[in-house]
Amino acid sequence: DHRRQNEWKMLVQGGAVSEKRGDATARDAALPPLPPDWSLRVPDGEATSNAMGWVNLLRAWSDMAGRPEQDALADTAFRPGQPSNRALTRAMAYLFDMAAP
């Protein structure tokens, strides 16, 4: 099942494709209806979270944010080859439906 494979990538492996056809604000038909006043707070976080996978994102963000010398909103990456600290932080906000940092 394609959706299950993509969900595995989304959660663990990384490399998932958007199930909302690239529009993070679109309604996902597989989910129950959301309250009418609900809106996505950080839509640009979807791309980073799908690319990394939620587990890898949480690890990378925790590693970066747990170091006092790191700025979680910096446009530079804590580790080479990773998204910027800001992109990691915005992706975490997307996952937890928090306000944009």
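How much space lies in the largest pocket? In this predicted model, the answer comes to about 520 Å³. The lining takes in 21 residues, and those closest to the pocket's centre are Lys 20, Asp 28, Leu 31, Trp 54 and Tyr 94. As for who supplies the wall, helix 1 (2-13), helix 2 (45-52) and helix 4 (85-95) are the elements that each put in two or more residues. Helix 1 gives the most, with 4 residues. Chemically, the lining is a mix: 10 nonpolar residues, 8 charged and 3 polar.

Helix 2, one of those contributors, is mostly covered, with 6 of its 8 residues buried. The buried set is made up of Gly 45, Glu 46, Thr 48, Ser 49, Asn 50 and Met 52. These residues pack against helix 1, helix 3 (54-65) and helix 4. Right after helix 2 comes Gly 53, with a positive phi near 90°.

Then there is Ser 84, which sits in the loop between helix 3 and helix 4. Ser 84 counts as buried because its relative accessibility is 18%, and the cut-off for buried is under 20%. What does Ser 84 touch, leaving aside residues up to four places away in sequence? Its contacts are Ala 74, Asp 75, Thr 76 and Ala 77. A polar atom of the Ser 84 side chain also lies 3.0 Å from the backbone nitrogen of Ala 87. Looking back towards helix 2, Thr 48 is 36 residues away from Ser 84 along the chain, and the C-alpha atoms of the two are separated by 10.0 Å.

Definitions and conventions: Residues numbered from 1 in each chain as written. Predicted model: local features only at pLDDT ≥ 70, side-chain atom pairs only at ≥ 80, totals over all residues. Heavy atoms only, no water. 1 Å grid on protein atoms, 1.4 Å probe; cavity = no way out; pocket = protein on both sides within 12 Å on 5 of 7 lines; lining within 4 Å. Points joined across faces, edges and corners; volume = space filled by probe spheres on them. Nonpolar A, V, L, I, M, F, W, Y, C, P; charged D, E, K, R; others polar. Buried < 20%, exposed > 50% of the residue type's maximum accessible area, 1.4 Å probe, protein only. Contact = heavy atoms within 4.5 Å. Polar contact = N/O pair within 3.5 Å; in protein donor to acceptor, adjacent residues only side chain to side chain.
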